[in-house]
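Me: I would like a close look at a single part of this chain, with the residue contacts spelled out. Please keep the answer plain.

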Amino acid sequence: MSGKDETKSGKIRTEAEIRAERLAKTLRDNLQRRKQQARARRAGEADETTGLPGGTSAAKKDESDG
């Protein structure tokens, strides 16, 4: 990769600009997801997130056996 990308308008973007745009999009997506989670908590709905659970009772039992 040459580190430059040409858009439809003919403007050449550097790799740093592309990265900054990608990071900005990631931050916007994260903010939207967190806002949706907060609204769901206020409304008393289930949290529809994906990923690792915050903590399970099995994990707490293992720690207390110690």
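Which element of the chain has the highest mean pLDDT, and which has the lowest? Please take the one with the highest value as the part to examine.

Reply: The model is predicted, and among the elements of the chain helix α1 has the highest mean pLDDT, 93. Helix α2 (residues 57-65) has the lowest, 55. Where pLDDT is low, the predicted coordinates should not be read in detail. For the chain the mean pLDDT is 77, and 56% of the residues reach 70 or more. The close look below therefore stays with α1, the element with the highest mean pLDDT, and with residues that pair with it.

First, the setting. The chain has 2 helices and 2 strands, and their order along the sequence is β-β-α-α. Of its 66 residues, 8% count as buried. Its accessible surface is about 6,200 Å², and carbon and sulfur atoms account for 50% of that area.

Helix α1 covers residues 15-43. With 29 residues, α1 reaches 42 Å from its first C-alpha to its last, close to the 42 Å expected at 1.5 Å a residue. Just after α1 comes glycine 44, which takes a positive phi of about 80°. The buried residues of the helix are Ile18, Gln37 and Ala40.

Next, the salt bridges. The count comes to 2. Side chains of opposite charge can pair when their charged atoms come close. One salt bridge joins arginine 13 and glutamate 21, with an N to O distance of 2.4 Å. Arginine 13 lies in strand β2 (residues 12-14). The 2.4 Å pair between the side chains of arginine 13 and glutamate 21 also counts as a polar contact. The two partners differ in cover: arginine 13 has a relative accessible area of 15% and so counts as buried, being under 20%, whereas glutamate 21, at 41%, is partly exposed.

The other salt bridge joins lysine 25 and aspartate 29, whose closest N and O atoms are 2.8 Å apart. Both residues are in α1, and because they are 4 residues apart there, about one helical turn separates them. An α-helix has 3.6 residues a turn, so residues three or four places apart point the same way. Here each partner is partly exposed: aspartate 29 has a relative accessible area of 36%, and lysine 25 has one of 46%.

Further along the helix, two residues can be placed relative to threonine 49. Arginine 33 is in helix α1 and is partly exposed, because its relative accessible area is 45%, which falls between the 20% and 50% cut-offs. The C-alpha atoms of arginine 33 and threonine 49 are separated by 8.4 Å, with their positions 16 residues apart along the chain counted as a sequence separation. Glutamine 36 is also placed in α1, and at 35% relative accessibility glutamine 36 counts as partly exposed. From glutamine 36 to threonine 49 the C-alpha distance is 9.7 Å, at a separation of 13 residues in sequence.

To put the part together: α1 contains the lysine 25 and aspartate 29 pair, while glutamate 21 pairs with arginine 13, a residue of strand β2. The buried residues of α1 are Ile18, Gln37 and Ala40, and glycine 44 with its positive phi comes just after the helix.

Notes
Residues numbered from 1 in each chain as written. Heavy atoms only, no water. Buried < 20%, exposed > 50% of the residue type's maximum accessible area, 1.4 Å probe, protein only. Areas by Shrake-Rupley, 256 points an atom, 1.4 Å probe, with all protein chains shown as cover. Salt bridge = Lys/Arg side-chain N within 4 Å of Asp/Glu carboxyl O. Polar contact = N/O pair within 3.5 Å; in protein donor to acceptor, adjacent residues only side chain to side chain. Expected span 1.5 Å × (residues − 1). pLDDT = per-residue confidence, 0-100.
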